[in-house]
Amino acid sequence: MTQGGLDIPTLVILLKGAGVSLGLACAAIACATVLAVLLTALAFSRLLPVRLFYRLYIYVIRGTPLLVLAMLIFYALPAFDLRTGPYLAAVVVLAIYVAALFAEVFRGGVLAIPRPQWESAKSLGLPPGAMLRKVIGPLVLRYTLPSYVNVCVMAVKATSVLSIISVWELTLASREIIERTLAVFTILGTAGAFYFVMCLGIDRAGRRLEQRLALRGFGGEHA
Amino acid sequence: MRRLVCRFLAAAAIPVLLLAAATAGAEDKSRLDTVLERGKLIVVTGSAAPPFAFTDDKGELVGFDIDIVRLLATALFKDPTKVEFVVVTAEGRWPAIESGRGDMGVGGTTVYPDRALRVAFTRPFVDSGQSILVTKKSGIKSIAELNQEKWTVANLVNPQMADRAKRYFPKTKVLTFDTPSAQFLAVKSGRAQALQIDTPTAEYFAAQNKNEFVVLPTLLGASQNNAIFLKPGDFKWWLWLDTAVAELRTGSWYPQYTEVYNKWFGKNPPPQKFYLPQR
Amino acid sequence: MRWTWVTTYGSTYLDALGWTLLAALLASAGSMFWGCVLFLIRLMGGRAAALGVGGYVQVFRNTPVLLPIYVIYFGFPLVGLPWPALACGALALVLQNGAYVSEILRGSFRAIDRVQFDAAKSVGLSPWQTFRKITLPQVLVHSIPSLGNQVVALIKDTSLLSAIAVTELTMQAKLLTERTGAAYEAFMVVAALYLVLVFATEALFRTAHRAVRWR
């Protein structure tokens, strides 16, 4: 049994894999944020069917394992596979999944805005677009930043699930290597270290961003 | 707020509808024309089935099937690099072809009648068979000896393996994995004492460490055919692929076929035509 | 969607469902236990122990659960412990989710008003009595909703055990897709089954929370 070690070529492959994972997560987070803003808007619609659709979306996406969701979209929905590579499909799957998580975070943020703020915002007479951008947006951002960062970390971890459907990223790269060399602990340990660094990095960056925003006094008195 | 959303949705709907309309008519063209227009072949493959298709130390996709595909690309575009490989697991092969994600598929795929109900196969481009690889430590010398409760065999996800296991060694415990290299890892790490896989793959794994592994001499069933699979219904595309394979095995491209065959199997392929002397 | 699918393959799904439930139960029970252990160590074990647990939690919060699953499944036989797949998967899930459970308990603990501890001391309760009568009940009650979420997450994580050859629901869907090509039906049924499980679990924890709160 070969106990291959951690030589430079292997390390390079793992680094590439980590880069792919991070890239997938970032693309998914970007799309998911946009989608989540839309979903949150649906959540506060005046029409009951729209609100019900929102609840259904959240329930289905959060109640199904990501792996099953991914396999369903990869294997069973041909619409996606017209010339789209596996990475595009992977980003789509992740975005749909993460958007549900973001939407709930945003919704909680909107609900946390105290009544007085709403009233004063409305009394200013701003059009809805400006009200969103200048009043609600910053407040929601301030309230939800920790949870948002949390979901970003979850997105990075979720990329490893995609390895099971042969999307090449850090976990699949590790699996390929250990299937060749049997160096289970070293390789998976290194991969784990890469994930750790990426996730912890996002966490810390989020914390620093939080502190910077708090200094500007964005509704800090409501914290 | 609501008006913003409505306007956005309306704006988004138009390109989606246009796209749907555009692609709706796309099915009437043959894949062959699409491929030629595109200038690139998109091939679905496994990546963990040596020597057919697997990744080497540098992470590159290599193998007998990969090189055959490159020969086809040369025939289409005069350039073996005009190929894009879509890597899938064993169960992902069929949806990837059925949904149109790949033009064709390879990767040690054996022809079975029930598979042919869902995908189209060209004529075979290499012989195969199903063998059992065992660890020397286990001391298993025959399939009859494998058929005991204390042994575990590692299978692939496909139902044919499950059926063969039930037929030839029903008492053995079965573990199911989605790639051959995962099966091999299971055997190497002691989770299973045997694995069931295509004969060339079993021989490749055994060659990696002759002291520890050996391939049982008997085939499970008969000699089998590995072939290219594609979405059924597209006669023009199937015809070209089948003609190309025919030429590889028995016609004008036999020298190129021999070169690839020697590279991966270390011996000459079966003769072009039985009535011609081997040169 | 061909509805005859459900009748033809219903029994295979039930089989797989059994495995999913078994894995989820084992992992849940184990995680609760291990999470409590970690929490207690952190609470009562002194500075070094608290740092150790803190580090452990950070490691498992920032790595995907698939990695411990692979490490244990492929690595244990190499060091002489060829445990069956279900045990390996359950152990990995317990190690991972135990970290989350201990954080949940810690959060609930911090939510208890300090005043109660001062009151307990002034009344003359011993540390053990304080723990048993004041800390523990409140921590448990406060944690029930979050623990419920954790169990739901565990149920979904059992789908990852399909990567190590456990014949649970997701693996069954894969096998059926291979056998019949009907990927849509195979995975839709599995998704529906998971949703049912999730719904039942959430309902269970909601009732438990309500029941305990009114005591």
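**Chat about the B–C contact and chain A**

Chain B and chain C bury about 1600 Å² between them, with 57% of that on carbon and sulfur atoms (buried area is the accessible area, 1.4 Å probe, that two parts lose on being put together, summed over both).

User: What kind of model is this, and how are residues numbered?
Analyst: It's a predicted model, where local features need pLDDT of at least 70, side-chain atom pairs count only at pLDDT 80 or more, and totals for chains, interfaces and linings use all residues. Residues are numbered from 1 along each chain as its sequence is written, chains are lettered from A and ligands numbered from 1 in the order written, and side-chain values use heavy atoms, leaving out hydrogens and water.

User: How many residues does the contact take from chain B and chain C?
Analyst: 20 from chain B and 18 from chain C, with contact meaning heavy atoms within 4.5 Å.

User: Which side chains meet in a salt bridge there?
Analyst: Lys174(C) and Asp178(B), at 3.3 Å, N to O. The rule finds 1 salt bridge across this interface (a side-chain nitrogen of Lys or Arg within 4 Å of a carboxyl oxygen of Asp or Glu).

User: Switching to chain A: how many helices and strands?
Analyst: 8 helices and 0 strands. Both are DSSP runs, numbered from the N terminus: helices are H or I with at least four residues, strands E with at least two.

User: And how much of chain A is buried?
Analyst: Buried residues make up 52% of its 223 residues, buried being under 20% relative accessible area (1.4 Å probe, protein chains only).

Terms used: Buried means under 20% relative accessible area, exposed over 50%, partly exposed in between (1.4 Å probe, protein chains only).
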